[in-house]
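I opened the file to look up charged pairs, then the core, then one helix. My notes follow in the order I worked.

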Amino acid sequence: MSTTSTEAPCADHIRDARSNAGLTQAEAAAMVYATDRAWRYWESGVNPMPVSLWELFQLKVAQRAGGEE
């Protein structure tokens, strides 16, 4: 489902992706070197998530899923 886009993901998409990956907000924030507050703001729609961090998150989640057996 990961596609490259030049638009920031919507808050619901961010929340769903994190939840589906089984991560807390703090864990997800740490994966992309962001603060917990920044992640909360992205999920609540206060601030848009930078596309580069969204792509990093998707890559790391995919890598993490591929490493679990």
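**Entry 1: the rule.** I took a salt bridge to be a side-chain nitrogen of Lys or Arg within 4 Å of a carboxyl oxygen of Asp or Glu. The model is predicted. I ran the search and got two salt bridges.

**Entry 2: E43 and R18.** I looked at this pair and found a salt bridge between the side chains of E43 and R18, 2.4 Å from N to O. E43 lies in helix α3 (residues 36-44) and R18 in helix α1, so the salt bridge ties together parts 25 residues apart in sequence. I then asked whether E43 and R18 are buried or exposed. Both E43 and R18 are buried. For E43 I noted a relative accessible area of 4%. The cut-off for buried is under 20%, so E43 falls in that class.

**Entry 3: what else E43 meets.** I listed polar contacts of the E43 side chain. One goes to the side chain of R18, at 2.4 Å. Another joins the side chains of E43 and W39, at 2.6 Å. Next I listed general contacts, leaving out residues up to four places away in sequence. E43 touches A11, I14, R15, R18 and Q25.

**Entry 4: R15 and D12.** I turned to the other pair. R15 forms a salt bridge with D12, and the closest N and O atoms are 2.4 Å apart. How far apart do R15 and D12 sit in helix α1? They are three residues apart in α1 (residues 11-20), which is about one helical turn. An α-helix has 3.6 residues a turn, so residues three or four places apart point the same way. I checked exposure too. R15 is partly exposed, at 31% relative accessible area. D12 is partly exposed as well, at 47%. I also looked for what D12 lies beside in space. D12 and G45 are 33 residues apart in sequence, yet their C-alpha atoms are 8.4 Å apart.

**Entry 5: the core.** I moved to the nonpolar residues. Which members of the largest nonpolar core touch the most other members? They are L23, W39, W42 and F57, out of 15 residues. Helices α1, α2 (25-31), α3 and α4 (51-67) each supply at least two residues of this core. I picked L23 for a closer look. Leaving aside neighbours within four places in sequence, L23 is in contact with R18, A28, M31, F57, V61 and R64. R18 is also the partner of E43 in the salt bridge above.

**Entry 6: the two sides of α3.** I sorted the residues of α3 by exposure. The buried ones are A38, W39, W42 and E43. They cover an arc of only 130° around the axis, which puts them on the same side of α3. What do these buried residues pack against? They pack against α1, α2 and α4. On the other side of α3, R37 and S44 are exposed.

**Entry 7: the end of α3.** I looked at what comes after the helix. G45 follows α3, and its phi is positive, near 85°.

**Entry 8: recap.** I closed with the charged pairs side by side.

| Pair | N to O | Exposure |
|---|---|---|
| E43 and R18 | 2.4 Å | both buried |
| R15 and D12 | 2.4 Å | R15 partly exposed, D12 partly exposed |

The E43 and R18 pair links α3 with α1. The R15 and D12 pair stays in α1.

Terms used
Residues numbered from 1 in each chain as written. Predicted model: local features only at pLDDT ≥ 70, side-chain atom pairs only at ≥ 80, totals over all residues. Heavy atoms only, no water. Helix = DSSP H or I, 4+ residues; strand = E, 2+ residues; numbered from the N terminus. Buried < 20%, exposed > 50% of the residue type's maximum accessible area, 1.4 Å probe, protein only. Core = buried A, V, L, I, M, F, W, Y, C linked by side-chain atoms within 4.5 Å. Contact = heavy atoms within 4.5 Å. Arc of directions from axis to C-beta. Polar contact = N/O pair within 3.5 Å; in protein donor to acceptor, adjacent residues only side chain to side chain.
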